[in-house]
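Let us walk through this structure step by step, beginning with a strand, moving on to a helix and ending at a pocket.

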Amino acid sequence: GIAATAVKELVEKRGHKVQQVDKLPIVVSDELESLEKTRDVKEFLTALELWSDVERADRRTVRAGKGKMRGRKHKKGKGPLIVVGEDNGIGFAARNLPGVEVTDVYGLNAELLAPGAHPGRLVIWTKSAIEQLDEVWME
């Protein structure tokens, strides 16, 4: 799942809008971890030209079938995943953006990296998360 986040063809095939991005994976500075306002996260995603992907994920459709009766009435879109080394406020800041999820390196799992078993989710990594990734795999 982690390797698929670096293949632009897989990310585009999954439906993410990354035409403006020249290379994947997207690695940013650790200052992202300390954003505390949703407005700041929106400005950050706009500066990276990824806001169109958040707008794409802002959809909520009624599910077909019996899932409606079983508490799964709406299907929601998935936007970018932000992986941080340490959550210093960005988790609260990004939770109100549709489709955007935030996790630390230790919380990574297959469902976050490949929702619905379709690899190639758009992932934004912080520098410390990339460094901690080596430590997690060595354990």
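In this predicted model, strand S4, residues 81-84, is covered on both of its faces, with Leu81 and Val83 buried on one side and Ile82 and Val84 buried on the other. This arrangement follows a general pattern, since in a regular strand the side chains alternate between the two faces of the sheet. S4 pairs in the parallel sense with strand S5, residues 101-104, over 4 bridges, and within this pairing Val84 stands opposite Asp104. S4 also pairs in the parallel sense with S6, here over 3 bridges, where Leu81 stands opposite Val123.

S6 also leads to helix H2, because the buried residues of H2 pack against strand S6 (123-126), as well as against strand S1 (26-28), helix H3 (51-57) and helix H4 (90-94). The residues in question, in a helix that spans 38-47, are Val41, Phe44 and Leu45. Seen down the axis of H2, these buried residues fall within an arc of 95°, so they line one face of the helix. An α-helix has 3.6 residues a turn, so residues three or four places apart point the same way. On the other side of H2, Arg39 and Ala47 are exposed, and the helix is followed by Glu49, whose phi is positive, near 60°.

What kinds of residue make up the lining of the largest pocket? The lining divides into 7 charged, 2 polar and 1 nonpolar, and among the residues that form it are Arg14, Arg56, Arg59, Arg63, Lys75, Lys76 and Lys78, together with Thr61, Gly77 and Pro115. The space in this pocket comes to about 300 Å³.

Technical notes:
Residues numbered from 1 in each chain as written. Predicted model: local features only at pLDDT ≥ 70, side-chain atom pairs only at ≥ 80, totals over all residues. Heavy atoms only, no water. 1 Å grid on protein atoms, 1.4 Å probe; cavity = no way out; pocket = protein on both sides within 12 Å on 5 of 7 lines; lining within 4 Å. Points joined across faces, edges and corners; volume = space filled by probe spheres on them. Nonpolar A, V, L, I, M, F, W, Y, C, P; charged D, E, K, R; others polar. Buried < 20%, exposed > 50% of the residue type's maximum accessible area, 1.4 Å probe, protein only. Helix = DSSP H or I, 4+ residues; strand = E, 2+ residues; numbered from the N terminus. Arc of directions from axis to C-beta. Contact = heavy atoms within 4.5 Å. Pairing = 2+ DSSP bridges.
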